[in-house]
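Trainee: I'd like to learn how to read a structure with two chains. Can we go through it one feature at a time?

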2 protein chains.
Amino acid sequence: MIDRLIERIQETGAPIVVGLDPMLRFIPEKILGRAFDKYGETPAGAAEAVWQFNRAIVDEIAGLVPAVKPQIAMYEQFGTAGVEAFAKTVEYCRQQGLLVIGDVKRGDIGSTSAAYAAAHLGRVQIGSRLCSAFNEDFATVNPYLGTDGIEPFLQVCREEDKGIFVLVKTSNPSSGEFQDRLVDGRPLYEIVGEKVAEWGASCMGETYSRVGAVVGATYPEMGAVLRAIMPKAYILVPGYGAQGGKGKDLAPFFNEDGLGAIVNSSRGIIAAWQQADYASYGEDGFAKASRAAVIAMREDIRQGLESR
Amino acid sequence: MIDRLIERIQETGAPIVVGLDPMLRFIPEKILGRAFDKYGETPAGAAEAVWQFNRAIVDEIAGLVPAVKPQIAMYEQFGTAGVEAFAKTVEYCRQQGLLVIGDVKRGDIGSTSAAYAAAHLGRVQIGSRLCSAFNEDFATVNPYLGTDGIEPFLQVCREEDKGIFVLVKTSNPSSGEFQDRLVDGRPLYEIVGEKVAEWGASCMGETYSRVGAVVGATYPEMGAVLRAIMPKAYILVPGYGAQGGKGKDLAPFFNEDGLGAIVNSSRGIIAAWQQADYASYGEDGFAKASRAAVIAMREDIRQGLESR
C-alpha cells in the first residue's frame, strides 16, 4: 500500500492528505438543516450531516490528492451513528480511488493491539469466515506501550499490505513535555524514531517501509533530524495551515528523491469556504472552495520544495 | 464519580474491576450458535454474541464489584455492530449500578482530545441540544501528547464529575522500552506520574483526585515509587491473573488507608469457566464461574493486603 501511495503522489504531484475532521461548525446550514429535518438534532442527524458534507468534498478532490485522513474522534463523539458515518466515509473514499489513513492513534498491550489492528487494517475470524471491519489502508498508532503493542500492527501490515504511521513528534504546543525529554542526552522522539526505523525494516515496500512516522510541520528542525534517522519511513506531517506550518517549512521532511513525506491539512481544506481567501465561493460552493484550497496548497508545497 | 467509586469499593469490600474484554473464544458455543443463527457469521452476529455473554456475566457480578472495564478494541474489531454492543454494554452496566471505566486509551492534540472527551465522558452540542454518546464514568487516556491533549479531559471531569486514568507504567513486557528510559537519572514513568499528580490537583474529589493512573501489577516496585509520587491518584492496576500479578504483589499500590487502588482482571474472570479451577461449572455455568472467580480474587487481594 505504501507503493500505491507513492505512485499516487507522483501521479497527482500532490504530497497531500486531506484531513476529513468535520466539526459541525464547518458544515453549511443547508446540509445541517436537511439532516436535522430527517433525523432531528440527534447524533444520527449530526452523523448524516457529516457524511453528506464529506461526500461532497470527496467528489471535488478525489482526482487531485492521493489520500484522505478521517480523524475518528470527530465521528466517535456522535456515538454509534458517528462511527457508522466514519465507516461509510472510509468505504466511499476507497471507491473513489483515494487511499485512507485512519487517524485513530490506537495502541495497547499485545492482545488488545491485535484487535485494533484487525479492526482498522486487517480481518477478524467470525466462525468460519474472515470479516473486515473498518478496512482503512493505513492507521496512526501511539508508541507509548513499546514493541509488543506495535508488533500486531506490523504483522497485519505484512499480511494485508497495509501501513501505519507511528506518533514520533506531534504538532501540538505541549508535545515536548514528554517527547523532548533527554534520554542519555538525546530527546525521546529520536529514540522513538530509531524504533520506527527498526520496526520498518521488517515491513519494506519497494523503496519505503510500510511503517511511517508522524512528525509535526511545526517542528522543522526536528523533522530534519528525524528524516535522517528514519530514511525509509514515510513521514505524515500534520500541523500545516491552521496550526501554523508553511510550505517553506516542509523541505526538511522530504528526501532528496522528492519523496518521503505527505502533508496533512484538515480545516484549511474542508473549512476553506469560511476563510476570507475563498469567501467568493459562498456557502453553496463549499466543496469547490475545498478544491481550490487543495490546488493552492499543492502550489505552496511545490514552491517550498523548489526553493531548497 | 471518584467518590462514588470509593464508596462502592468500601461497600463491596472488593477493590476490583472486571474487564469485559470478550474474545469470541471465551464465549460458549450455545451463545455463539444462537447469535450466528440469527445474524449469520457476521460482525452483527459476533456483536450479538458478545452482548449476550456480557449481560449474563454482569447479572452475576453486579452486586459484588464496584466497576467494570470494557476494552473497546474487542468491540471495534466487529465494526459498527461491535461499537453498538460496546454502547449497549456501557448502558446496561450503569443501569445495574456498576461504574464503567471505558478502556479506550485515547489521546490526541487539544481539539481532537476534546472530541474524544465528549465522546466518552461528556456531551456534544448538536443544534440546540446537548447529547451524550458513550457516556462512560471513567476513561483511560494516553499521555504521549502532553498537557494540551489531557486538558480537555480534565475540563469534562470537572464539569460532569467524571474521571480518567492516565497510562503511566503499563503491564506489558516491553512497556519499559520508552517508559523506563532515564530522564535526568529518573525513569520517564516517574515524570509522567508527577504530571498526573499535577493534573489531578485541579480535579479533586473529597479525598482522591478524579485523575488516576494506570500502573501494571507486573511491576510492584515501580508501583511503590509511583504510589508515593501520586498520593491522591487512584491507581488502576491491570496485569493481575492471566498476566502474572498475584494478590501479594498488590500491597504497594494501596495507601495506608487501604484505598488508592483498584485491580483489574479480564480473562481471569470472564473466561473462568475455561480454567481447571472452575471446570465444574461447565459451559452452561459460565457466568456463575465468573462470580466464583470474583469471590476468589476478592479473598486473594484481602489476604495480600493483610499480610503487609
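Trainee: Across the interface of chain A and chain B, how many residue pairs are in polar contact?

Mentor: Keep in mind that this is a predicted model. Across that interface, 29 residue pairs are in polar contact, both partners being at pLDDT 80 or more. On the side of chain A that touches chain B, the largest share, 7 residues, comes from helix α6 (residues 110-120) of chain A.

Trainee: And how many salt bridges are there between chain A and chain B?

Mentor: The count is 7 salt bridges. For a salt bridge, look for a side-chain nitrogen of Lys or Arg within 4 Å of a carboxyl oxygen of Asp or Glu. Try Arg181(B) and Asp184(A): their side chains meet in a salt bridge, at 4.0 Å from N to O.

Trainee: What about the whole interface? How many residues of chain A are in contact with chain B?

Mentor: Contact here is about heavy atoms within 4.5 Å. By that rule, 71 residues of chain A are in contact with 71 residues of chain B. You can also look at area: the two chains bury about 5700 Å² between them, and 60% of it is on carbon and sulfur atoms. In chain A, the residues that lose the most area to chain B are Glu41(A), Tyr144(A) and Phe178(A), which together make up 15% of what that side buries.

Trainee: How do I read the way the two copies are arranged? By what turn can chain A be laid on chain B?

Mentor: Picture placing one copy over the other, then ask what turn and what shift that took. Here a turn of 180° and a shift of 0.0 Å along the axis lay chain A on chain B, with an RMSD of 0.0 Å. The two copies are therefore related as by a two-fold rotation axis. In chain A, the C-alpha nearest that axis belongs to Val183(A), 2.6 Å from it. The same surface serves both copies, as 100% of the contact residues of chain A recur in chain B.

Trainee: Let's zoom in on a helix, then. Which way do its residues point?

Mentor: An α-helix has 3.6 residues a turn, so residues three or four places apart point the same way. With that in mind, look at two residues of helix α5 (residues 79-95) of chain B: Thr80(B) and Val83(B).

Trainee: Is Thr80(B) buried or exposed?

Mentor: Buried means under 20% relative accessible area, so Thr80(B), at 18%, counts as buried. Val83(B) is buried as well, at 3%.

Trainee: What do those two touch?

Mentor: Leaving out residues up to four places away in sequence, Thr80(B) touches Thr80(A), Val83(A), Glu84(A), Ala87(A) and Phe134(A). With the same neighbours left out, Val83(B) touches Thr80(A) and Val83(A) from the other chain, along with Tyr75(B), Glu76(B) and Phe134(B).

Trainee: Can I check a helix by its length? How far apart are the end C-alpha atoms of helix α7 (residues 147-160) of chain A?

Mentor: They are 20 Å apart. At 1.5 Å a residue, its 14 residues should span 20 Å, so the two agree. Among the buried residues of α7(A) are Ile150(A), Phe153(A), Leu154(A) and Cys157(A). Glu151(A), also in helix α7 of chain A, is partly exposed, with a relative accessible area of 33%. Now follow the chain on from Glu151(A) to Trp199(A): they are 48 residues apart along the chain, yet their C-alpha atoms are separated by 8.2 Å.

Trainee: What follows α7(A)?

Mentor: Asp161(A) does, and its phi is positive, near 50°. Asp161(A) is a residue other than glycine, and it lies in the loop between α7 and β7 (163-169) of chain A. Its relative accessible area is 32%, so Asp161(A) is partly exposed.

Trainee: Where is Lys105(B), and what is its phi?

Mentor: Lys105(B) is in strand β3 (residues 99-106) of chain B. Its phi is positive, about 45°, although Lys105(B) is not a glycine. At 9% relative accessibility, Lys105(B) counts as buried.

Methods
Residues numbered from 1 in each chain as written. Chains lettered and ligands numbered in written order. Predicted model: local features only at pLDDT ≥ 70, side-chain atom pairs only at ≥ 80, totals over all residues. Heavy atoms only, no water. Helix = DSSP H or I, 4+ residues; strand = E, 2+ residues; numbered from the N terminus. Buried < 20%, exposed > 50% of the residue type's maximum accessible area, 1.4 Å probe, protein only. Expected span 1.5 Å × (residues − 1). Least-squares fit on C-alpha atoms with pLDDT ≥ 70 in both. Buried area = accessible area lost by both parts, 1.4 Å probe. Polar contact = N/O pair within 3.5 Å; in protein donor to acceptor, adjacent residues only side chain to side chain.
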